[in-house]
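Got a minute to look at a protein together? Let's go through it in questions and answers.

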Amino acid sequence: MRSAHAKPIIGTTDDILPMARWLLVVAAMVVLIVAIGGITRLTESGLSITQWKPVTGALPPLTDAQWQAEFAGYRRIPQYIDVNGPAGMTLAQYKFIYFWEWAHRLLGRLIGLAMIGGTAWFWFKRTIPLGYKARLLALIALVGLQGTIGWLMVSSGLSPDALDRVSHYWLAAHLVTALFTLGGLVWTALDLYLLSAGQPRAGLSRFSVTALAMLGFQLFMGALVAGQRAGQVAGAGWFRLDAWPLMQGSFVPEGIDWSGGVLHALFGDPYLSHFIHRWWAWAVVAVLVVMGRRLKAIHRRDVSVAVHIAFGTQVLLGIATIWSGVSLWLAVAHQLCGALLVVATVWGAHTLSRRG
């Protein structure tokens, strides 16, 4: 029987605020891993590590023999056989792509440790507010799921009959899961801030669900575009209208393959995926403009400004990425801004969905 003097698991303001800040730190780590994931993809680094070693893999090769063994494993996969081998890849070049994949995986491990360690600490201190244990466990499960999807994505590019890249479906699942996790971290942190102020947690209004779902679909299509390397199919050249707003000089691009059906074309054809991604963006902009107006109406101009800056920058970076012919750093900035847009939109949706 528990002592009458045992500390209840409800949490005080002094207990709750550290939890909220911890979740925001983890959210910042997720934003960073999304950016590094973009570098990994754009430098074709994702297949450089051909084994999954959850513990020992945290250390990179330290000796020449270890580097040679890793490089030998990479030389057996299609990406090297079909692309980098004929291009004359050297060990030094391999070390460059290895670094980005290793950094990506290491940060993933650190995110997992931060979630598990933080949850264990607050659980041990008996300061987790009522109703939040399940949320924290769900967020830990999402981080674990993200790691599993990441390895399945890598595995899709390792088999002898694979292409020289990972499956764009697994890549999309990997990115969207990361962004969904990011949204969950931010939403839970914001709820904890409300709780610390004695206010009820936010519910999900119909408008908020609509806005988040529309943004989610846009991010999913963007991931498909990235996975299919479809950023270049419209053409390129700074301020060339033939590349944007047109695609190869036409509003609807030629070359869409409808032979596999509508669904296959929508999710598996680079021309149509790119076309949907660039024009659905304006539907998302419209709903976020409405969100901004509603936020101003309740005197939350700060949140409204954050949402407008995020989607405005994201649109400009998307256009610049196309015109540049998918410049590495513009494309990475576009992906990073996508994560920040998730944060801003979740903040706006949470603010509009408050109860009481």
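Q: Are W22 and F122 buried or exposed?
A: This is a predicted model, where local features need pLDDT of at least 70, side-chain atom pairs count only at pLDDT 80 or more, and totals for chains, interfaces and linings use all residues. Residues are numbered from 1 along each chain as its sequence is written, and side-chain values use heavy atoms, leaving out hydrogens and water. Buried means under 20% relative accessible area, exposed over 50%, and partly exposed in between (1.4 Å probe, protein chains only). By that yardstick, W22 and F122 are both buried.

Q: What kind of aromatic pair do W22 and F122 form?
A: Rings of Phe, Tyr and Trp (its six-membered ring) pair if their centres lie within 6.5 Å; planes under 30 degrees apart are stacked, over 60 edge-to-face, and the rest tilted. That rule gives 18 aromatic pairs. For W22 and F122, the centres are 5.4 Å apart with 45° between the planes, which makes the pair tilted.

Q: How many residues apart in sequence are the parts that this pair ties together?
A: Helices here are DSSP runs (H or I, at least four residues), numbered from the N terminus. W22 sits in helix α1 (residues 13-42) and F122 in helix α4 (residues 91-124), so the pair joins parts whose separation in sequence is 100 residues.

Q: Which ring has the charged end of R294 over it?
A: A charge sits over a ring if NZ of Lys or CZ of Arg is within 6 Å of the ring centre and within 35 degrees of the ring normal. R294's charged end is 4.2 Å from the centre of its ring, and that ring belongs to F207.

Conventions. Helix = DSSP H or I, 4+ residues; strand = E, 2+ residues; numbered from the N terminus.
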